[in-house]
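Subject: Structure for your review

Dear colleague,

Please find the structure below, together with its sequence. I would be grateful if you would read the notes that follow alongside it.

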Amino acid sequence: MNKRICFITGTRAEYGLLKRLMKLVDDAPNFELQIIATGMHLSPEFGLTYKEIESDGFRIDRKVEILLSSDSSVAIGKSIGLALISITEALEQMNPDLVFLVGDRYETLACAIAAMVTRIPIAHIHGGERTEGLIDEAIRHSVTKMSYLHFVANEEYRTRVIQLGESPERVTVCGGLGVDIIQNIKLFSLLELENSLNFQFKDRNLMVTFHPTTLEHDTSEVQFKELLEVLKEYVGEGNGVIFTKANSDTNGRIINQLIDDFVRAYPDHAIAHTSLGIQRYLSVLNFVDGVIGNSSSGLLEVPSFKKGTINLGDRQRGRIMATSVIQADCDSTSIRLALHKLYSNEFQASLKNTINPYGEGGASEKIFEYLKKLNFDNLDVKKPFFDVRYQL
């Protein structure tokens, strides 16, 4: 009997990470792929990205609506509640043998609780990481404690998961999933990309992605305006900016409105997309000079392109960073200095030696090989606490 492997995805970025592993499972003779699409995938405001899943040839088993038309803390809390109710019902009906969750978003927490109460083992990807400025930090470690299998990006993160009381036998280093995508996708040529975006690249170009820092109060608008002040000077010199919009986090709509205002003011030098899609997003990374903002992609994927990242503020503070990452505060002076360093001859020359600390690819294959050898009869939601004081 085929083993039912369920993947739950709520965002475009998350699906991009899971896509190759989902394909491996879908093509395997002894597995049955199940997919639950939720969150931003089903929202017109965020691009109805479930269509991308279907266009890739996958069948979505359940579409679970959870988003409210607000990005307040109350709305996020209610979305978690809706996700918990609806995902629990879906899992009860689908009855998978294993649920795959990636990362640390708030809907991921609800999905983990739903799997736990329906007694379905969880395989968690990208645990053990740190992001001190976000609620994601607490969510990630909470999901770790509810999960049975763990697939982490490097040895430091493996140590941290074990420190949380997880048995070393169930924690596997596989590298970052984002690197897999880069190595297994055909990127657009510059002309193809410009035609697809309806935007002509300038002599210099930046990708900008800025999300709210969810453990800070009312900082999103202030911080983003500091960044936009510097970007106005940048496009004023004839350069180009490509924005990808914020997620459905608290106060994300404030950022997206400011992006729209900026693009209207500089239509020849700036564009914005709610969702570029995987192929276009990675193709943009291939042709820009660097990225600026506070997205995890600047740390996880961009170093593989040997491009610079200006990482702003505390949103990603705590993650392992490549030498291609420039850390800056969210004020215009610090951002200007970081941008000057990004374009300096010395820094540009150093980029060719960049090593991505999240691996060189093959993460999806490593996880799939683990699955093929896994004895599903031994999977259990019960697990002893691994006390490092006595066992290491």
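The notes below cover helix packing, two covered helices and one loop residue.

This is a predicted model, in which local features need pLDDT of at least 70 and side-chain atom pairs count only at pLDDT 80 or more, while totals for chains, interfaces and linings use all residues. Residues are numbered from 1 along each chain as its sequence is written, and side-chain values use heavy atoms, with hydrogens and water left out.

Helices and strands are DSSP runs numbered from the N terminus (helices H or I, at least four residues; strands E, at least two). Axes are lines fitted to C-alpha atoms, for helices over the stretch in contact, and angles run from 0 to 180 degrees between N-to-C directions. Contact means heavy atoms within 4.5 Å.

Helix α4 and its packing

Helix α4 covers residues 106-117. Its 12 residues should span 16 Å at 1.5 Å a residue (the expected span being 1.5 Å times one less than the number of residues), and the end C-alpha atoms are 17 Å apart, which agrees. Of the 12 residues of α4, 9 are buried (under 20% relative accessible area; exposed is over 50% and partly exposed lies in between, with a 1.4 Å probe and protein chains only). Among the buried residues are Tyr106, Glu107, Cys111 and Ala115. The buried residues of α4 pack against β1 (3-9), α1, α3 (73-94), β4 (98-102), β5 (122-125) and α5 (136-146). Just after α4, arginine 119 takes a positive phi of about 60°.

The axes of α3 and α4 are 8 Å apart, and the two helices pack at an angle of about 35°. Their crossing is right-handed (the near helix is turned clockwise from the far one by less than a right angle; left-handed if anticlockwise). The contact is made by residues including Ile76, Ile80, Leu84 and Ile87 of α3 and Ala110, Ala114 and Val117 of α4. By class, this contact of α3 with α4 has 13 nonpolar, 2 polar and no charged residues (Ala, Val, Leu, Ile, Met, Phe, Trp, Tyr, Cys and Pro count as nonpolar, Asp, Glu, Lys and Arg as charged, and the others, Gly among them, as polar).

Helices α1 and α15

Helix α1 (residues 12-27) and helix α15 (residues 363-373) have axes that come within 9 Å and cross at roughly 35°. This crossing of α1 and α15 is right-handed. Arg20, Leu21, Leu24 and Val25 of α1 meet Ser364, Glu365, Ile367, Phe368 and Leu371 of α15. The contact of α1 with α15 has 6 nonpolar, 1 polar and 2 charged residues.

Helices α8 and α11

The axes of helix α8 (residues 190-197) and helix α11 (residues 278-287) come within 10 Å, crossing at roughly 125°. The two helices α8 and α11 are therefore oblique to each other (angles under 35 degrees count as roughly parallel, over 145 as roughly antiparallel, 65 to 115 as roughly perpendicular and the rest as oblique). Their crossing is left-handed. Leu190, Leu193, Ser196 and Leu197 of α8 contact Arg280, Ser283, Val284 and Phe287 of α11. In α11, 7 of the 10 residues are buried, among them Arg280, Ser283 and Val284.

Leucine 68

Leucine 68 lies in the loop between β3 (62-64) and α3. This leucine 68 is partly exposed, with a relative accessible area of 32%. Leaving aside neighbours within four places in sequence, leucine 68 is in contact with Ala75, Lys78, Ser79, Leu82 and Arg253.

With kind regards
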